[in-house]
Amino acid sequence: MHGEYKVPGGKLVVVDLDVVDDRLSGVRLSGDFFLEPDEALEAINGALAGASVEADAAELAALVRAALPAGARLGGFSAEAVAVAVRRAVARASEWTDHRWALVREGPRAPLMHMALDQALAEEVAAGRRPPTLRLWEWASPAVIIGSFQSVRNEVDEAGARRHGVEVVRRVTGGGAMFVEPGNTVTYSLYAPSSLVAGMSFADSYAFLDDWVLGVLGELGLNVWYQPLNDIASGGGKIGGAAQKRVAAGAVLHHVTMSYDVDAAKLGEVLRVGQEKLSDKG
């Protein structure tokens with residue numbers, strides 16, 4: 001079995017292993033990370049050998065930490081990263097390059113249509129009727145998009161929304177309310193098979209699915225980083241947020257909105273947002 005995990009902002013961790021009588025066997029850790037002293041590598045391999053195939057990431061990470069020689073130094077990875085790679089191997093997780101991705105790039109659509117498309121396309125990928133897909137999309141009109149668990153009454157000033165012609169829609173994912181207008185955000189959705197995030201916790205999968213975007217923004221000269229649980233942050237504060245939905249039939253929807261030009265005065269009239277919540281927003 002083979003498992004890989006790219007640490008967000010760090011190095012690639014690879015684990016190859018066998019399973020014998022529901023126990024890990026022949027564990028072989030590799031990657032482009034840094035590790036001192038050299039014997040720490042075999043110590044990690046030995047510590048994982050014999051672990052239950054059902055051991056969770058926390059248990060596996062504890063085994064790794066306990067086996068490290070005194071003064072061992074891990075560069076670009078961690079015990080937790082090794083544990084994730086092991087869990088992905090056991091779960092037979094897929095990698096980005098295992099799939100042939102479709103790209104959808106289209107013109108502006110109504111906010112409600114975007115919400116419907118997100119649900120429909122995720123279900124299509126889960127059913128195997130379309131390949132894994134990246135959709136980049138634009139807004140045809142201003143909107144407030146609230147999370148699946150939020151209250152309209154608590155989050156939205158409905159009189160302010162009507163005054164500014166802002167449509168209020170609900171998405172299928174959790175998280176907080178967003179205020180968007182045409183021409184001030186970059187928004188995209190990933191519709192991927194569940195195997196892509198197999199062996200990962202929700203927190204791990206957020207960082208994993210956002211890592212390529214951080215790389216692109218870094219190449220453009222922006223100093224950005226992932227901030228748990230679901231934010232893309234910069235020196236000026238939060239610039240983007242992600243949300244996820246796992247489709248029971250076998251897919252994950254992961255969508256991100258990054259704002260680059262926000263009418264803060266209008267936002268304050270449309271959303272019921274306190275100054276404390278706004279304090280860390282770029």
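## Strands 8 and 9

In this predicted model, strand 8, spanning residues 143-146, pairs with strand 9 in the parallel sense, and four bridges join the two. One residue pair can be named here: Ile 146 has Arg 170 in strand 9 as its bridge partner.

Helix 4, made up of residues 111-126, packs on the sheet and touches both strand 8 and strand 9, while its direction makes about 10° with that of strand 9.

## The three-stranded sheet

The sheet to which these strands belong is open and consists of three strands in the order 9-8-10, with mixed pairing. Strand 9 (167-170) and strand 10 (178-180) stand at the edges, and because each has a single partner strand, one side of each is left without a neighbour in the sheet. On average, and with direction ignored, neighbouring strands of this sheet are turned by 25° against each other.

## Helices 1 and 2

Helix 1, residues 39-48, and helix 2, residues 57-67, have axes that come within 8 Å and cross at roughly 140°. Since angles over 145 degrees would count as roughly antiparallel, the crossing at roughly 140° makes helix 1 oblique to helix 2. The crossing in which helix 1 passes helix 2 is right-handed.

On the side of helix 1 the contact is made by Ala 43, Ile 44, Ala 47 and Leu 48, and on the side of helix 2 by Leu 60, Leu 63, Val 64 and Ala 67. Divided by residue class, this contact of helix 1 with helix 2 comprises eight nonpolar residues, with no polar and no charged ones.

Methods. Residues numbered from 1 in each chain as written. Predicted model: local features only at pLDDT ≥ 70, side-chain atom pairs only at ≥ 80, totals over all residues. Heavy atoms only, no water. Pairing = 2+ DSSP bridges. Axes fitted to C-alpha atoms, helices over the stretch in contact; angles between N-to-C directions. Contact = heavy atoms within 4.5 Å. Parallel < 35°, antiparallel > 145°, perpendicular 65-115°, else oblique. Left-handed = near helix turned anticlockwise from the far one by under 90°. Nonpolar A, V, L, I, M, F, W, Y, C, P; charged D, E, K, R; others polar.
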